[in-house]
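This report covers the charged pairs, the aromatic rings and one threonine of a small set of side chains. Please look at the sequence and the structure before reading on.

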Amino acid sequence: MHKQDIEIVINAKGEVTYEMKGVKGGNCIAETEFLQQALGGDSAVVEQQKTAEFYEQSEGYVSTWAGEAKDE
């Protein structure tokens, strides 16, 4: 199993930023949903940025197509 971390920073103004590390693909959004809801939900989000890990393929899932194209 890979290490998964959530790095949380609270600045002097009380603004919270967090970053999920160790989760590839869109699963990071589901993994941090509890935190977003605890901080005020969708209406409290000022900005959301996807890291490079978001664009990497999720582990354990491979999509391969091997076949012939159909002529239409």
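In this predicted model, a search of the whole structure finds three salt bridges. The table gives the partners and the distance between their closest N and O atoms.

| Acidic residue | Basic residue | Closest N and O atoms |
|---|---|---|
| Aspartate 5 | Lysine 3 | 3.7 Å |
| Glutamate 7 | Lysine 21 | 2.8 Å |
| Glutamate 56 | Lysine 24 | 3.4 Å |

The salt bridge of lysine 21 with glutamate 7 has its closest N and O atoms 2.8 Å apart. Lysine 21 lies in strand β2 (residues 16-21) and glutamate 7 in strand β1 (residues 5-10), so the pair ties together parts that are 14 residues apart in sequence. Lysine 21 has a relative accessible area of 32% and is partly exposed. Glutamate 7, at 38% relative accessibility, also counts as partly exposed.

Glutamate 56 and lysine 24 form a salt bridge with 3.4 Å between the closest N and O atoms. This pair links distant parts of the chain, 32 residues apart: glutamate 56 is in the segment after α3 (52-55), and lysine 24 is in the loop between β2 and α1. With a relative accessible area of 34%, glutamate 56 is partly exposed. Lysine 24 counts as partly exposed at 29% relative accessibility.

In the salt bridge between aspartate 5 and lysine 3, the closest N and O atoms are 3.7 Å apart. Aspartate 5 is partly exposed, its relative accessible area being 35%. Lysine 3, by contrast, is exposed, with a relative accessible area of 65%.

The aromatic side chains come next. The search of the whole structure finds one aromatic pair. It consists of phenylalanine 54 and tyrosine 55, whose ring centres are 5.1 Å apart and whose planes stand at 80°, so the pair is edge-to-face. The cut-off for that class is an angle over 60 degrees. Tyrosine 55 is exposed, with 61% relative accessible area. Phenylalanine 54 also has a charged neighbour: lysine 50 lies over the face of its ring, at 5.2 Å from the ring centre.

The last residue is threonine 32. Is threonine 32 buried or exposed? Its relative accessibility is 7%, so threonine 32 counts as buried; the cut-off for buried is under 20%. Threonine 32 is found in the loop between α1 (27-31) and α2 (33-38). Leaving aside residues up to four places away in sequence, threonine 32 touches Ile6, Tyr18 and Met20.

Terms used. Residues are numbered from 1 along each chain as its sequence is written. This is a predicted model: local features need pLDDT of at least 70, side-chain atom pairs count only at pLDDT 80 or more; totals for chains, interfaces and linings use all residues. Side-chain values use heavy atoms; hydrogens and water are left out. Helices (H or I, at least four residues) and strands (E, at least two) are DSSP runs, numbered from the N terminus. Buried means under 20% relative accessible area, exposed over 50%, partly exposed in between (1.4 Å probe, protein chains only). Contact means heavy atoms within 4.5 Å. A salt bridge is a side-chain nitrogen of Lys or Arg within 4 Å of a carboxyl oxygen of Asp or Glu. Rings of Phe, Tyr and Trp (its six-membered ring) pair if their centres lie within 6.5 Å; planes under 30 degrees apart count as stacked, over 60 as edge-to-face and the rest as tilted. A charge sits over a ring if NZ of Lys or CZ of Arg is within 6 Å of the ring centre and within 35 degrees of the ring normal.
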